[in-house]
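Hi everyone, thanks for making time for this. I'd like to walk you through one model, so have a look at it first and then we'll go through a few spots together.

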Amino acid sequence: MPGLVIVGTQWGDEGKGKVTDLLAKDASAIVRFQGGNNAGHTIVHDGEEYKFHLIPSGILHEDKYCVIGNGVVVDPRVLLEEIEGLHKAGVSASNLRVSSNAHLIMPYHVLVDAAEELKLGKLSIGTTRRGIGPAYADKAYRIGIRVQDLLDEKILRKKIMAALEHKKKSLQELAVRRRKLHKEAEPDEEIQIDDRLDLHTITEQYLSYGHRLEPYIADTARLCWNELDAGNKVIFEGAQAALLDLDHGTYPFVTSSNPIAGAACVGAGVGPTDIGEVWGIVKAYSTRVGSGPFPTELFDEVGEHMSDRGHEFGTTTGRRRRCGWLDLVALRYAVRLNRLSHLAMTKLDVLSGLETIKVAVRYRSKEGALLEDFPYHQTILHNATPEYVDLPGFSEDITGCRSEEDLPPAAREYIAFISEFVGVPISLVGVGPGREEVVWVEDRG
Ligand code: IMP
């Protein structure tokens, strides 16, 4: 079973890109299976910093296929910009393949996403406004447009026309509802029915995208089967994370796809028995962007320490991330949802300088009950107070550590405590942003 899945275990931004880059060394293909350009990963490679939203992190390995699977929603404008950016940096994108079955993000999806956010006002989810939710909604509603449609002008025009009819109606309704809600709309909040809803403009624009993307469009499920059947390692790279999962996360404050390991099969077109290992990425503390429950969130100088030292600003939107202690109740939930075989911990260096490090080991409900497991009812989670175990902090700069023995005893204790609590070995620890700034941990299990 040469398939290996990499997923986020918290609310995203765990540093999956770096771990994927490291584990990809002996893989023949790296495949993204869900999400879109709401994701963002930064990889530091040979001293150069690369930021991607859509293209899988594996693109820097020219000898491997780098695949955008059918489960991803693709904004072709963004994809072409990333390809161009790579060319400018002297990196070839000739190994890139895009599934013909992947759905496209259309200009009206972005428009609807922003309009929905305004409509919800204070209750807004805080989406990345990249059109992700509306694109997945159209896919389920069967009025989505797929990558393969870009190659057939007649079909493309017909499908865009059908989708536009539907969109115009719902955008008008939204505008009316919003005006009622806000009494009168702010001028800059006006919903513009502009050329993002014009059939001719969109069709011409998307045909030109199709022309440029044609060399990359492929049957990517078959590509995965060929590699797996040849015994080659294939990495399935998730975006976002377990607690943002549409089914299992803190709904409705979630993304519109399934970032958990099971979705790799659907989003790439492979079977569960193709998967041998599932790696979960956990940041040494917690962060969240956008709204929604976050039991261990900090509003003090420790939270600021994490935010400043960890440069916790969104790669996609630039928003400051909410920060807090590591939540082991939530992590254990993610371990089980994904049935993780390994954990990789990132950004341990950020905790250096804290006298005490806390980890949440259970919650207490509003009524005073002790909760060992992630609550199945969202209201309980909203009102839950975490109970912590205090672990000793460390003050050393650990960015130079390359083996377990180099790490201060308190850092080792932190790793051991987490690993034992959730029952999964921590096999890799990130001690700095660079590719080489990691410690591989021996499994003594
Ligand atoms: P959407 O995916 O743009 O629809 O946003 C839904 C929720 O998921 C919002 O709270 C976003 O902030 C969050 N989200 C989406 N992508 C990411 C990511 O890559 N990292 C962290 N949060 C994300």
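So, to start: which side chain meets that of Lys16 in a salt bridge? The partner is Glu14, with N and O 2.9 Å apart. Keep in mind as I talk that this is a predicted model. And are Lys16 and Glu14 buried or exposed? Both of them are buried.

Salt bridges come up a lot here: the structure holds 22 of them. Let me pick a second one, between Asp26 and Lys233, where the closest N and O atoms are 2.9 Å apart. Where do these two sit in the chain? Asp26 is in the loop between helix 1 and strand 2, while Lys233 belongs to strand 10, so this pair ties together parts that are 207 residues apart in sequence. Asp26 itself is exposed, with a relative accessible area of 56%.

Now compare that with Asp63 and Lys64. They form a salt bridge too, with 3.6 Å between the closest N and O atoms. Here's what I'd like you to notice: Asp63 counts as exposed, at 61% relative accessibility, whereas Lys64 counts as buried, at 4%. And some salt bridges share partners: Asp13, Lys283, Glu312, Arg321 and Lys347 are joined that way into one network.

Okay, on to helix 10, which covers residues 328–338. Which of its residues are buried? The list is Leu328, Val329, Ala330, Leu331, Ala334, Val335 and Asn338. If you look for a pattern in that list, here's a handy bit of background: an α-helix has 3.6 residues a turn, so residues three or four places apart point the same way. In helix 10, take Leu331, Ala334 and Asn338, which are among the buried ones.

What do those buried residues pack against? There are several strands, including strand 1 (3–8), strand 11 (275–283) and strand 16 (356–364). Helix 12 (409–422) is another partner.

Let's look at the ends of helix 10 as well. At the N-terminal end, Asp327 acts as a cap: one of its side-chain oxygens lies 3.0 Å from the backbone nitrogen of Val329. After the helix comes Arg339, and its phi is positive, near 45°.

Last topic: empty space inside. How many cavities of 30 Å³ or more does the structure hold? There are 2. The largest has about 40 Å³ of space, and some residues we've just met turn up in its lining: Asp327, Ala330 and Leu331 are there, along with Thr9, Gln10, Trp11, Leu243, Ser286 and Leu326. Strand 14 and helix 10 each supply at least two residues of that lining. By type, the lining splits into 5 nonpolar, 3 polar and 1 charged.

The second largest cavity holds about 30 Å³. Its lining includes Lys18 and Val19, plus Met345 and Thr346. Which element gives the largest share of this lining? That's strand 19, with 3 residues. Helix 1 and strand 15 each supply at least two. Here the lining residues divide into 5 nonpolar, 2 polar and 1 charged.

If you take one picture home, make it helix 10: Asp327 caps its N-terminal end, and Ala330 and Leu331 help line the largest cavity. Thanks, and I'm happy to go back to any of these spots.

Technical notes
Residues are numbered from 1 along each chain as its sequence is written. This is a predicted model: local features need pLDDT of at least 70, side-chain atom pairs count only at pLDDT 80 or more; totals for chains, interfaces and linings use all residues. Side-chain values use heavy atoms; hydrogens and water are left out. Buried means under 20% relative accessible area, exposed over 50%, partly exposed in between (1.4 Å probe, protein chains only). Helices (H or I, at least four residues) and strands (E, at least two) are DSSP runs, numbered from the N terminus. Contact means heavy atoms within 4.5 Å. A polar contact is a pair of N or O atoms within 3.5 Å; within protein, one must be able to donate a hydrogen and the other to accept it, and residues adjacent in sequence count only if both atoms are side-chain atoms. A salt bridge is a side-chain nitrogen of Lys or Arg within 4 Å of a carboxyl oxygen of Asp or Glu. On a 1 Å grid over the protein atoms alone, a cavity is a set of points where a 1.4 Å probe fits but cannot get out, and a pocket is an open set with protein on both sides within 12 Å along at least five of seven lines; lining residues have an atom within 4 Å of a point. Grid points are joined across faces, edges and corners, and a volume is the space filled by probe spheres set on the points. Ala, Val, Leu, Ile, Met, Phe, Trp, Tyr, Cys and Pro count as nonpolar, Asp, Glu, Lys and Arg as charged, and the others, Gly among them, as polar.
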